[in-house]
Amino acid sequence: METVAAPDLDGKMEELLAAVERQHAPLELTSYLVRGEPITFAQAARGDYRPFHVGDAWGPPWSTTWFRVRGRVPSGWAGQTVVAVIDIGFEGRHTGFTCEALAWQDGKPWRGVDPNHRWLPITSTEVDFYLEAAANAAAVVSGPENAPSMIALRGSPDPAFVLRQAELRIQDQAARKTALDFKVLYELASILPEGKRRSQILEALGRFVMSGDPGELDKALSRATESDHLITAVGHAHIDTAWLWPLRETRRKCARTFSTTLALMDEYPDYRFACSQPAQYAWMKESHPSIFEGIRRKVTAGQWEPVGSMWVEADCNLPSGEALVRQFLYGKRFFMKEFGVDTRELWLPDVFGYPASLPQLIAESGGEYFLTQKLSWNDTNKPVHQTFMWEGIDGTSIFTHFPPADTYNGDFSAGQIVQSAADFKDRDHSSHSLYLYGWGDGGGGPEPDMIESAHRLRSVDGAPRVELGRAGDFFPRAKKEAHGITTWVGELYFELHRGTYTSQARTKLLNRRAEQALREAEMWSVAVGNRYPADILDSSWKRLLINQFHDILPGSSIDWVYEDAERELAEVVEVASQLSTSAQSALAGAGSNLIVFNSNSHTRREVVDVDGRQVMVEAPSCGWRSVTESAAPREQPVSVAGRVMENGLLRVAWDERGRLTSIWDKEADREVLIAGSSGNLLQLHDDNPRNWDAWDVDADYRRSSIDLNSLATSKVEIDGPLRAGVRFTREFNSSRLEQRMVLDAGSRVLRFETEVDWQEEHKFLKVAFPVAVHSPRATYEIQFGHVERSTHMNTSWDQARFEVCAHRWADLGEPGYGVALLNDSKYGYDILGSVMRLSLLRAPTHPDPAADRGRHRFTYALMPHPGDFRGAGVVAAAEDLNHPLRVVSGTLGAGEERALIEVDAPQVVVEAIKRAEDSDAVIVRLYEAWGGRCRTRVRTSLPVSRAFLCDLLERNRTEIEVRDGELELELTPFKILTLKLDR
């Protein structure tokens, strides 16, 4: 008997898809090249357009070419669906990372044109529109050769793209339906295991191939699913606010994607699209008001869903606690003001780890839910749950969901949908999951074919049930239906991209300085009382928050991004510092007396530099005081003899190579360093991550290390009885490091003021302190508190944390004694056994070929202390290192002082003092920093009539009794409280 050949299903699918478009009619092109910054449509319309043809080259890197496209639909095409098909040079290039265009019609944005959205619907006989085509250069994120400099490419004169297609075609809707029916069934058969349903589908496809009858496909799609799993599918376009392109280009990526999305909503009334990052909406309001008004209409209609709560999808490891608060404050207030939407979820699909204080911030801003996908990238331990409760350090729990498709750029293939349900790890406790589909980063969001696929997969045998829905509906339903779900306690540590704690150190330092400068500017402006510079502070905060986006602050972007970021952050520091200077001058008055300002919430007594001489000063908490110089300070003077420097608390010794050999704690009568070891040991590692250069530090970097022991010069510098230092200079490879080790009278903090001319490539610089302290766990500061992490590698979870993030301090302590390692701009730590190390600098070559090369200035410090870090003042010392006292001239009399806010519990920290957003009330944010319960009395010198506890958005909750400027508060462990003081 003759064997019948199996049908070629792959070939048939290609044939059907090719048959969707037929016939050709040419379009006429002219072009206008714009170098430098983009221009408006009105400017472009007046440009000098030259003839252009398909096959011509265009677009020097990072330039813009405006194409005018004209033509006429052939008379014989009447009654047909006609589209303009455009390919400006996409071939072989990854979507979202190549040239893109925005089509303009009648002077307004129409639709985006990208590799996934190449056709534009033509509804009139005469064709006339413009394309604003961006020649985005391709950045490189890894490889043997250094990445190209995007800054350098801006000056290249050579065209980078070839326009390959611009023509009119007929789109056959019946053929399109058949092709999509076939495609969905073929994908479904490909993912299903051997069995009855798979055989049914393959037989139906075979019958169609033989007969050409689309009814065979209809019947196969009509079989209803028996699955009890429901997938809520939400359209999505994850647009990185900056990454392999600068901020200016992201504005245009948003315009392209958003205009495409609005057009699809008109074509598909059931299409729903979730979009985060209010900063990007604000760009549309400013630059493309027609798009913004379209969004507003679709929000009202329920099709467009603002999500996410934060101003941008910010990194969550590196920003300060108050900066994270402002992400919520500015983000949620924008959505409420512009759309009347109070978002309930934090939406961070692509961020590199989540601190254990984040659940409280979500709840305190009015949120209930959290979404991410990123932890599916973990290199050691994959997440064990995808629907669970996440409990923070204060005990707050948030309903959390990781979409099981492990992508936020779903393609809506049947295979991805089936696999998503099959991979759901919490199916015993929940039968509902979320699916995010659509192309991001300039890929244009969902394609029409994705929505068509959703319609076919709504309820088809062999797949889970699918609905096109809203995230805001999914979360409460999923939480209500879930039962017996797990609670995960503590941080959601990301087991990848550990290098982001260190890469692009200048940006990280400027970020820290900007956070500090804005904090002080607000505080002293409140103290002045009138002329509060709200608008200046508002714009400065937004500039900072933009640059805390999760590919800017972590250090994983192109060089152009850091050229912009360093300029922007430096300007924020300058503006905020000027505000502080102006306010302090107003508060101090005109005069020659010395006035010291302290922005921290504890009193201080320390050495400051005044016109080249050292003075011991005292300052009240969150206030200022006239300096009274003592002829004989009560602290023992600092002395230096040979290679020994000491004050009344510590004696420090070093050898001929400048290595610390001893730190003797006089009060505790014990040695701080391990016997025979060297402290302040600078260690240089080879740093060649396998995959993500700027992002990653691989665990095997420890195998290669050089101790920087050679000493070029050393010099003792005695500034007076209150301060002494020794300066060391080290040279290695092509780099030079100069360091001043400083000890002040009465201080336990040994500072290392460091300046580096860093000219390394693929190196990782750390500093090590082997300390005579033994503990299985170390403590690290995070926003609004701290966490403990293992100092051993017993489990795979411990091993994965070989590099961790901390803010201003980390502490290794045993009963009765400990050592803290402080810093003024660093974030990467590792503490293994008794060796404490701080990460100082990296030198990746992708995507920025010269990342971190150049000069750096930073300070770190070692603080040995008797007792627990809580009572020893580690938190306060770290604050002081980061917020130096400021001395100005004024008229206050000797000993006169004023404190804006005082708290009588040392574990309560004042994080912010600012004016309220909607009134002249004063906001005071404070938190419990030790992890315990306490009562505290808050005293203020501000005129106060009433006091309220409110949420992070400054909405009143409860009134608190205030008498004579005092009120009492109870705080639970790590609790954040926001006070509103009505004047």
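## Paired strands and hairpins

Two strands count as paired if DSSP finds at least two bridges between them. In this predicted model, strand β29 (residues 650–654) and strand β30 (residues 660–665) meet that condition, with 5 bridges in the antiparallel sense. Within this pair, A653 of β29 has S662 in β30 as its bridge partner. The hairpin formed by β29 and β30 has 5 residues between its strands, and G658 takes a positive phi near 80° there.

Strand β30 also pairs with strand β31 (residues 670–671), through 2 bridges and again in an antiparallel arrangement. Here the bridge partner of W664 is E671 in β31. The hairpin of β30 and β31 has 4 residues between the strands, and D669 in this hairpin takes a positive phi near 60°.

## Strand β26 and its partners

Strand β26 covers residues 623–626, and its side chains point two ways: G623 and R625 to one side, W624 and S626 to the other. All four of these residues are buried. In a regular strand, side chains alternate between the two faces of the sheet.

Which strands pair with β26? One is β23 (residues 593–598), joined to β26 in the antiparallel sense over 4 bridges; in this pair, N598 has G623 as its bridge partner. Another is β48 (residues 897–899), which runs antiparallel to β26 and is joined to it by 3 bridges. On that side, R625 has E897 in β48 as its bridge partner.

## A sheet of three strands

An open sheet of 3 strands follows the order β49-β52-β55, and its pairing is antiparallel. Strands β49 (901–903) and β55 (966–971) stand at the edges with a single partner strand each, so one side of each has no neighbour in the sheet. Neighbouring strands of this sheet are turned against each other by 25° on average, direction ignored.

The pairing of β49 with β52 (residues 934–940) is antiparallel and extends over 3 bridges. Within it, I901 stands opposite T940 of β52.

## Nonpolar cores

The largest nonpolar core has 182 residues. Those with the most contacts inside this core are W304, Y354, L358, F412, L822, L926 and L969. Helix α17 (residues 559–588) gives the most to the core, with 12 residues. A second, separate core has 58 residues, including V672, A724, W758 and V819.

What surrounds Y354 in the largest core? Leaving aside residues up to four places away in sequence, Y354 touches C316, N317, L348, P349, F370, T372, K374, L375, W390, E491 and L492.

## Helices α15 and α16

Helix α15 (residues 505–528) has 24 residues, and the distance from its first C-alpha to its last is 35 Å, close to the expected 34 Å. Of these 24 residues, 21 are buried, so α15 is largely enclosed by the rest of the structure. Just after α15, G529 takes a positive phi of about 100°.

Helix α16 (residues 534–546) has 13 residues, which should span 18 Å at 1.5 Å a residue; the end C-alpha atoms are 18 Å apart, in agreement with that value. The buried residues of α16 are L537, S540, W541, L544, L545 and I546. Among the elements covering them are α7 (247–267), α8 (278–287), α10 (321–339), α15 and α17.

## Cysteines

A disulfide is a covalent bond between the sulfur atoms of two cysteines. How many disulfides does the model contain? The count comes to 0, where a pair of cysteine sulfur atoms must lie within 2.5 Å to qualify.

For C254, the nearest cysteine sulfur is that of C275, 7.1 Å away. C254 counts as buried, at 0% relative accessibility. For C805, the nearest cysteine sulfur belongs to C316 and is 11 Å away. C805 is also buried, with a relative accessible area of 6%.

## The loop at Q759

Q759 lies in the loop between β37 (750–758) and β38 (763–770). Is Q759 buried or partly exposed? With 37% relative accessibility, Q759 counts as partly exposed.

Q759 and G854 are 95 residues apart along the chain, and their C-alpha atoms are separated by 6.4 Å. Not counting residues up to four places away in sequence, Q759 touches S734, S735, R853 and G854.

Terms used:
Residues are numbered from 1 along each chain as its sequence is written. This is a predicted model: local features need pLDDT of at least 70, side-chain atom pairs count only at pLDDT 80 or more; totals for chains, interfaces and linings use all residues. Side-chain values use heavy atoms; hydrogens and water are left out. Axes are lines fitted to C-alpha atoms, for helices over the stretch in contact, and angles run from 0 to 180 degrees between N-to-C directions. A nonpolar core is a set of buried Ala, Val, Leu, Ile, Met, Phe, Trp, Tyr and Cys residues joined through side-chain atoms within 4.5 Å. Buried means under 20% relative accessible area, exposed over 50%, partly exposed in between (1.4 Å probe, protein chains only). Contact means heavy atoms within 4.5 Å. The expected span of a helix is 1.5 Å times one less than its number of residues.
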